[in-house]
Amino acid sequence: MQRIFSGIQPSGIPTLGNYLGAIRNWVPLQRDHECLWCVVDLHAITAWQDPAALTQQTREMAAVLLACGIDPDKHILFLQSSVRAHAQLAWIFNCVARLGWLNRMTQFKDKAGKDREAASSGLYVYPNLMAADIHAYHATRVPVGDDQRQHLELANDIAQKFNHDYGVEFFPAIEPLILGPAARVMSLRDGTKKMSKSDPSEQSRINLNDDPDAIALKIRRAKTDPEPLPSEPAGLEGRAEARNLVGIYAALAGTDHAGVLREHGGKGFGAFKEALAALLVEKLSPIAGETRRLLADPATIDRVLRAGAERAAAIADPIVAETERLVGFLRV
Ligand code: AQP
């Protein structure tokens, strides 16, 4: 059975983008893989997080994952900072990855924005930590949204260079699993920017804990253009916002762009947005309800995470110990 690792940052309330691009696709993978699901709090602090908010968001993220169907008994759900192996291996990978490789990472450019000098050095070496997250478990498959593809290529480059430099075949190649028809969900305010939980505009995203009124309002206010919906997917060309809303509808309804346009093509956005909001409420309300129920008993969530960290460390510690031996660290 192949081992899967995937992570999500507790940097806010998870969004529809996180759900359609990642979490929803994780659940069926549990049938035929051994899975490690990680709330990556070390990654979250690469951007400023208020400490009390981070604690709260971390527990909320674990609750959302459980509410979406992550199984903490058959698989492992844990916090990144609870397993020291991640930071230990990341340091070694900081010394393997080349600056030139990191300079090509588009996510750093996007996230650092114009004021690069003010970005944390953690944000810059984030892909090295991500490589360590995966390789600390010898995981071979990583389900991610389309935006993470470049980071996985870097993780493979790091593994190859490590294996080459130390003359071993220790870290296996990893394969990205880009799943789901809505692999990239875009902002509701700007169809060229991805939907993000840390976007300063609350109106840019659907949060998984939004109530039906909030969902309806955000969809009603979502940016569109004056034309009606086309009847064929080719008519979405150059219409980023329309394309995004159709993509979201398709992913939730289990169809594709053509299927949505067969039903809604020719309609104005008013009617389509109403149908989309109703579909979102139908699909997301049960998750929000179950998350609330779980959060009423935080001790149980914490117990699940503690047990998960112990099981994760039991896999990662020997792999990192062997990495340190290969590097030549004296163990006394
Ligand atoms: N808009 C998106 N569409 C599709 N997939 C997405 N993912 C995130 N946004 C979208 C996928 O969600 C997983 C977890 O992401 P993350 O929390 O580790 O980091 P991120 O990609 O940086 O997500 P955010 O929401 O944009 O967080 P912030 O705002 O903190 O940077 C990943 O598999 C990602 O592909």
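A residue counts as exposed when its relative accessible area is over 50%, as buried when it is under 20%, and as partly exposed in between. Keep that handy for the exercises below, and bear in mind that this is a predicted model.

**Exercise 1. Sort K74, E282, K283 and E34 by exposure, and find the salt-bridge partner of each.**

Step 1: Start with K74. Its relative accessible area is 67%, so K74 is exposed.

Step 2: Look for the partner of K74. That's D71, and the closest N and O atoms of the pair are 3.7 Å apart. A salt bridge needs a Lys or Arg side-chain nitrogen within 4 Å of an Asp or Glu carboxyl oxygen, and the K74 pair makes the cut.

Step 3: Move on to E282 and K283. These two form a salt bridge with each other, with 3.9 Å between the closest N and O atoms. E282 comes out as exposed, at 52%, while K283 is partly exposed, at 34%.

Step 4: While you're there, pick up a network elsewhere in the chain: E202, R205, D210 and K218 are joined through salt bridges that share partners.

Step 5: Finish with E34. Its side chain meets that of R3 in a salt bridge, 3.3 Å from N to O. E34 sits in strand β2 (residues 34-39) and R3 in strand β1 (residues 3-8), so this pair ties together parts that are 31 residues apart in sequence. With a relative accessibility of 32%, E34 is partly exposed.

Step 6: For the overall tally, the structure holds 15 salt bridges.

**Exercise 2. Describe the shell around the ligand, then list polar contacts to its oxygen atoms.**

Step 1: Count the neighbours. The ligand is surrounded by 21 residues, and the closest are S11, K111, S196, K197 and S198.

Step 2: Split the shell by character. You get six nonpolar, ten polar and five charged residues.

Step 3: Ask where the shell comes from. β1 and α1 (16-29) each give at least two residues, and α1 supplies the largest share, four residues.

Step 4: Go through some side chains with an N or O atom close to a ligand oxygen. For S196 the distance is 2.5 Å, for K194 it is 2.7 Å, and for N18 it is 3.2 Å. Taken alone, the ligand exposes 640 Å², and the protein buries 97% of that.

**Exercise 3. Place L179 in the fold and work out what it touches.**

Step 1: Find the element. L179 is in the loop that runs between β5 (175-178) and α9 (212-221).

Step 2: Check the exposure. L179 has 25% relative accessibility, so it counts as partly exposed.

Step 3: List the contacts. Leaving out residues up to four places away in sequence, L179 touches N25, L29, P143 and V144.

Step 4: Compare sequence with space. L179 and G145 are 34 residues apart along the chain, yet their C-alpha atoms are separated by 7.4 Å.

**Exercise 4. Which residues of helix α11 (residues 257-264) are buried, and what covers them?**

Step 1: Go along the helix. G259, V260, L261 and H264 in α11 are buried.

Step 2: Look at the cover. It includes α10 (240-253) and α12 (269-295).

Step 3: Step just past the end of α11. There you meet G266, which takes a positive phi of about 90 degrees.

Conventions: Residues are numbered from 1 along each chain as its sequence is written. This is a predicted model: local features need pLDDT of at least 70, side-chain atom pairs count only at pLDDT 80 or more; totals for chains, interfaces and linings use all residues. Side-chain values use heavy atoms; hydrogens and water are left out. Buried means under 20% relative accessible area, exposed over 50%, partly exposed in between (1.4 Å probe, protein chains only). Contact means heavy atoms within 4.5 Å. A residue is near a molecule or strand if one of its heavy atoms lies within 4 Å of it. A polar contact is a pair of N or O atoms within 3.5 Å; within protein, one must be able to donate a hydrogen and the other to accept it, and residues adjacent in sequence count only if both atoms are side-chain atoms. Accessible areas come from the Shrake-Rupley method with a 1.4 Å probe; for residues, only the protein chains shown count as cover. Ala, Val, Leu, Ile, Met, Phe, Trp, Tyr, Cys and Pro count as nonpolar, Asp, Glu, Lys and Arg as charged, and the others, Gly among them, as polar.
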